[in-house]
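Biologist: I'm new to this one, so could you walk me through it slowly?
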Amino acid sequence: MKLNYKKILLAGFLSAAALSFNSCGDEWLDERPLGRPVGEEVPIGGFESLAFGLYASLRTEGGVSDFSYVWTHCIRADDNEKGSTVTDGATDGNVFNNFGYVATNGNILSDWNGHYKIIFDCNELINTAIASGDTSAGTLTNIAEAKAIRAFCYFELRRDFGEIPINLKTIDIPQDEIAPKSTIAQVDAQIIKDLTEAEASLPVQWTSAYLGRVTKGMANTLLAKIYLYQGNWSKALEYSELVINSGAYMLNNSYDAEFTKAGNNSKESIFEIQKAYDFPTKYTNNFYESQGVRGSGTWDLGWGFNVPSTGLVAAYEAGDIRKNTTILVSGGPDIYNSPGLTLPSVPTIAQQYWNGKAYTLPAERIQYAQNKNHWEDIKILRYSDVILIAAEAANELGQTGKAVTYINMIRGRANLGATSASNQGTLRTAIKHERRIEFAMEFERFYDLVRWGDAITVLATQGYADKNKHFPIPQQAIDKAQGILVQNPNY
């Protein structure tokens, strides 16, 4: 169905669509973003403009996929250090690297506000579309996209804050944003409801023109993940195997390539934040720039935050090709062994190790006349996560043979031999290792340690206490709620 702008105008939706575009900044005006059809090319749904506003917000809202996201989702893990120079970002380093959380921290506030802003935009699309009475397939797909994105935002907030408000209202006045906390069980139930309903109206795959939009696989992956966090092993296995057996995904033959522009929207990708840097399109943010090597000249690749710890460097098995992709070493060659490209040594640059997954092909930097990585999508959900969820769930259910099969799929891509683990206990240890290495410098390690019950020991030397599994609710949100929203325990 073509987008009927007259119908939108008559229904009073045009102003809402304009607000969605304006909230994304000038970068969206008169340009063709990745995956966004223009004018008469729009093929489905009377609410396409609002739907695409959601994808733009995933990239542009603070705390969702920018520098703040690095602080809140990466730097808390044992495998990650603050990076940059000693004094640069030292206050935030104490908050996140050393668990000195404070309710007034700006990155924690961005995490809260950014995700709720997208949730409220999802609510607007869902409620407006339902009120319109339009039950065409395209509109149902738009609603499903909004429900899946809303579920993703609630999942992120649930991991970061624990008990949080569930608010499904359209926000007309500021007071509409205020709601009391719901229990984690209630939040999980809402996430599951949204994803289950969304999955029914989402496609298995989109055509190449619309890569990056949410799919059945994304909904089912998040369902597997939420059940994993609940310890509901049978459901985690059921939904992860729905994704595996769909035939829509496969591991990238090259672990290296997955973390390049060529890896954008690969067959391994289940959900990623879309970027583009091809003239005149520039849809990007500072996520990778904040993590690039902090040097000068050829090596002025970024701000130098989020660097590998010595513990992570030592954790790799001999021959694991993932180490070369992930760990960039000062004084050594770049991860592609590019001729003439040797990193300066410490102390010429401040850190011994850098995040190789933020590094870019030298040819791409020449192509764009830009040293800093603004063209690699942010890989939020990868197929390897689904495989390891299936392995963990199968092992906890006593299906050790199946768990071994899934672990070896990951190890095979890493150029490693089959696991030697054979019983539930040794397989549990093997799965923890594979998750640590497979997602090193990404977003899983801290949350895995928490849900396994390992954070209290692994992170003890950094000052971690049990309360630190969740952030404090931002003081600004507490003040705004005027007594309706209460602070998390022990803050």
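Biologist: Let me start with a detail: which residue just after helix 10 takes a positive phi?
Modeller: That residue is Gly-247, whose phi is about 75°. Please keep in mind throughout that we are looking at a predicted model.

Biologist: And what sits in the loop there, say Ser-246, and where does that loop run?
Modeller: Ser-246 belongs to the loop that links helix 10, residues 233–245, to helix 11, residues 255–258. With a relative accessible area of 36%, Ser-246 is partly exposed, and its C-alpha lies 9.5 Å from that of Lys-216, although the two are 30 residues apart in sequence.

Biologist: Which residues of helix 10 itself are buried?
Modeller: The buried ones are Ala-236, Leu-237, Tyr-239, Ser-240, Glu-241, Val-243 and Ile-244. Their cover includes helix 9 (216–230) and strand 4 (269–273), together with helix 15 (383–396) and helix 16 (400–413).

Biologist: How many residues does helix 10 have, and how far does it reach?
Modeller: Helix 10 has 13 residues and reaches 18 Å from its first C-alpha to its last, which is close to the 18 Å expected at 1.5 Å a residue.

Biologist: Back to that loop, is Leu-251 buried or exposed?
Modeller: Leu-251, which is also found between helix 10 and helix 11, counts as buried because its relative accessibility is 14%, and the cut-off for buried is under 20%.

Biologist: What does Leu-251 touch, leaving out residues up to four places away in sequence?
Modeller: Leu-251 touches Glu-268, Tyr-383, Ser-384, Ile-387, Met-409, Ile-410 and Arg-413. In the case of Arg-413, the C-alpha atoms are separated by 7.8 Å, while the two residues are 162 apart along the chain.

Biologist: Let's zoom out. How many helices and strands are there in the chain?
Modeller: The protein chain has 20 helices and eight strands, and its C-alpha atoms fill a box of roughly 65 × 50 × 50 Å when taken along the principal axes.

Biologist: What does the radius of gyration say about its overall form?
Modeller: The value for the protein chain is 22 Å, and a compact globule with 491 residues would have a radius of gyration near 23 Å, so the chain agrees with that expectation.

Biologist: And what share of the residues counts as buried?
Modeller: Of the 491 residues, 58% count as buried. As for contacts with a separation of 6 or more, 70% are made by residues 24 or more positions apart. The chain exposes about 18,400 Å², and carbon and sulfur atoms supply 55% of that area.

Biologist: What about charges, how many side chains of each sign are there?
Modeller: There are 44 positive and 55 negative side chains in the protein chain, and the centres of the two sets lie 2 Å apart.

Biologist: Changing topic to helix 7: is it mostly covered or mostly open?
Modeller: Helix 7 is mostly covered, given that 23 of its 25 residues are buried. This helix runs over residues 137–161, and at 1.5 Å a residue it should span 36 Å, so the 36 Å between its end C-alpha atoms agrees. Just after helix 7 comes Gly-162, which takes a positive phi of about 80°.

Biologist: Which residue has a positive phi of about 60° although it is not a glycine?
Modeller: That is Asn-306, which lies in strand 5, residues 305–308. Asn-306 is also buried, with a relative accessible area of 0%.
Modeller: Ala-369 is another non-glycine with a positive phi, in this case about 50°. It sits in the loop between helix 14 (362–368) and strand 8 (378–382), and Ala-369 counts as exposed because its relative accessibility is 72%, where the cut-off for exposed is over 50%.

Biologist: Where is the cis peptide bond with omega of about 10°?
Modeller: That cis bond joins Val-346 and Pro-347, and Pro-347 lies in the loop between strand 6 (327–329) and strand 7 (353–355).

Biologist: Last one: where is Thr-87 found?
Modeller: Thr-87 is in the loop between strand 1 (80–83) and helix 5 (90–96), and it counts as exposed at 68% relative accessibility. The C-alpha atoms of Thr-87 and Glu-396 are separated by 44 Å, and the two residues are 309 apart along the chain.

Key: Residues numbered from 1 in each chain as written. Heavy atoms only, no water. Helix = DSSP H or I, 4+ residues; strand = E, 2+ residues; numbered from the N terminus. Rg over C-alpha atoms; globule rule 2.2 N^0.38 Å. Buried < 20%, exposed > 50% of the residue type's maximum accessible area, 1.4 Å probe, protein only. Contact = heavy atoms within 4.5 Å. Areas by Shrake-Rupley, 256 points an atom, 1.4 Å probe, with all protein chains shown as cover. Lys, Arg positive; Asp, Glu negative; His and termini not counted. Charge placed at Lys NZ, Arg CZ, Asp CG, Glu CD. Expected span 1.5 Å × (residues − 1).
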